[in-house]
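Visitor: Please give me a close look at the aromatic side chains of this model. I would also like to know how they fit into the wider architecture.

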Amino acid sequence: MAADTISRRRLRRLAEVRPERGLVLSVFFNLDPSEFGTPAARATEATSVLTQAAHKVEEAAGRLGHDELQALRGDVERVREVLAGGDLAQNGTHGVAVYACSPADLLEVVRLPHPVESRAVLDETPWVEPLLRRAGADEEWCVLLVNRKVARIFCGPATGLTEVEQVEDDTHGQHQQGGRSQARYQRSVEQEKLTHLQNSLDALFDHFKRDPFDHLVLGAPEDLASEVEDRLHPYLKERLAGRISIDVENTSADEVRAAAAGVVEQKVEARERELLDRMAEGVGRGGRGAAGIPDVLAALEQARVEVLLLAEGFDAPERETAIEKAITQSADVVVVRHHDDLERYGGIGAVLRF
């Protein structure tokens, strides 16, 4: 099963889980192939995080009733069954989050396109912070690789791009004969190229209509790239985030993800900058911006927050409350990793709706 889309609706549904009795067990399992690429390595990591989960349950025994304790012990076993599944590490899944609470009839598995620190958390609500989006990175991306005869389309989150379609046309190469026959041949070659590009872009737009994406990256030979960009549908052209230089026909999905990473980071950094500038402008005018714990919490109480901004190292006690309130109000939550603007405000700010 492929990595899941972490939609705002899904985050909100998880954040709103508050069982009348018992606690929620949240278990995160790292499947980074560079560290856990073999079944043996994954089994060892699963044993470690499940042992941690079991210890946390026993440590909480003093504040739980008998039935609640038994339910949590059962939840640990339910999570164990999930992590024992042989298909977890397939199709771009680099991390897994499992939420379990028997009294609330909760067992939810979230497959992530990015690695996550293995750990177990026991709390009154699901711990959703590891699912939070990086601005731009965890949106839907598409990479189009195209040359004169082949096009390949990769889609998904930036760290979980997978090949979804390929277009191949029977085209001829150029040759060096002279005379009228060469001119006719070259016209034929040019027409075949144009037909192939149109077929490729039609396939791309058809895929976009079925499964929309937020950003597009183009990989094409230098002599073709500008022409491809000029022929993009306006809806796709406005989503173009940049180009990459890459072998169109012989590149693996992992190599495509690595090549696109630079474009993604540029987009993430620009998006963070945009949000921070909007916040600062709003704070300066006393309008649609808030900064610092008191002002941001007040704005959350009034349901005014459009985007909650957190410095990467922000760990104040109010963090969890702020995140839960933002998610349940359908606000975006963005962890800022490329800029230090939030430091002067204690690590937290917000762009406001009104």
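**Aromatic pairs and their setting**

Guide: Tyr 99 has a relative accessible area of 0% and is therefore classed as buried, the limit for that class being under 20%. The model is a predicted one, and every value that follows is computed from it. Phe 28 is likewise buried, because its relative accessible area is also 0%.

How many aromatic pairs does a search of the whole structure find? The search returns five. One of them is formed by Phe 28 and Tyr 99, whose ring centres are 6.0 Å apart and whose planes meet at 90°, an edge-to-face arrangement. The two partners come from distant parts of the chain, with their positions 71 residues apart: Phe 28 belongs to strand S1 (residues 24-30), and Tyr 99 to strand S2 (residues 95-101).

The pair of Phe 205 and Phe 208 has its ring centres 6.1 Å apart and an angle of 20° between the planes; it counts as stacked because that angle is under 30 degrees. Both residues are found in helix H4 (residues 179-210), where they are three residues apart, about one turn of the helix. Phe 205 has a relative accessible area of 17% and so is buried, and Phe 208 is buried as well, at 9%. These two residues are part of one aromatic cluster, which they form together with Phe 213 and Tyr 235.

Glu 227 gives an example of a polar side chain in a helix, in this case helix H5 (residues 222-231). The side chain of Glu 227 makes a polar contact of 2.8 Å with that of Lys 193. Apart from neighbours within four places in sequence, the contacts of Glu 227 are Glu 190, Lys 193, Leu 194 and Leu 197.

A further polar side chain to examine is that of Arg 319, which lies in helix H9 (residues 319-328). Is Arg 319 buried or exposed? Arg 319 is buried, because its relative accessible area of 9% is under the 20% limit. A polar atom of its side chain lies 2.3 Å from the backbone oxygen of Phe 314. With neighbours within four places left aside, Arg 319 is in contact with Glu 129, Leu 310, Ala 311, Phe 314 and Val 335. Phe 314 thus appears both in the contact list of Arg 319 and as the source of the backbone oxygen just described.

The cysteines can be taken next. The count of disulfides is zero. Cys 142 is in no disulfide, and the nearest cysteine sulfur, that of Cys 155, lies 3.4 Å away, whereas a disulfide requires sulfur atoms within 2.5 Å. Cys 142 is buried, because its relative accessibility is 0%. Cys 101 is buried too, at 0%.

Two loop residues have backbone angles worth inspecting. Asp 105 is not a glycine, yet has a positive phi of about 55°. Asp 105 sits in the loop between S2 and strand S3 (106-112). Its relative accessible area is 72%, over the 50% limit, so Asp 105 is exposed. Ser 330, also a residue other than glycine, has a positive phi near 60°. The position of Ser 330 is in the loop between H9 and strand S12 (332-336).

For an intermediate degree of exposure, consider Ala 298, in helix H8 (residues 293-301). Ala 298 is partly exposed, because its relative accessible area is 34%. From C-alpha to C-alpha, Ala 298 and Pro 126 are 24 Å apart in space, with a separation of 172 residues in sequence.

The wider architecture can now be summarised. The protein chain has nine helices and 13 strands. Along the principal axes, its C-alpha atoms fill a box of roughly 90 × 55 × 30 Å. Of the 354 residues in the chain, 49% are buried. Of the contacts between residues at least 6 apart in sequence, 69% join residues at least 24 apart. The chain exposes about 17300 Å², of which carbon and sulfur atoms supply 45%.

Methods: Residues are numbered from 1 along each chain as its sequence is written. This is a predicted model: local features need pLDDT of at least 70, side-chain atom pairs count only at pLDDT 80 or more; totals for chains, interfaces and linings use all residues. Side-chain values use heavy atoms; hydrogens and water are left out. Helices (H or I, at least four residues) and strands (E, at least two) are DSSP runs, numbered from the N terminus. Buried means under 20% relative accessible area, exposed over 50%, partly exposed in between (1.4 Å probe, protein chains only). A polar contact is a pair of N or O atoms within 3.5 Å; within protein, one must be able to donate a hydrogen and the other to accept it, and residues adjacent in sequence count only if both atoms are side-chain atoms. Contact means heavy atoms within 4.5 Å. Rings of Phe, Tyr and Trp (its six-membered ring) pair if their centres lie within 6.5 Å; planes under 30 degrees apart count as stacked, over 60 as edge-to-face and the rest as tilted. Accessible areas come from the Shrake-Rupley method with a 1.4 Å probe; for residues, only the protein chains shown count as cover.
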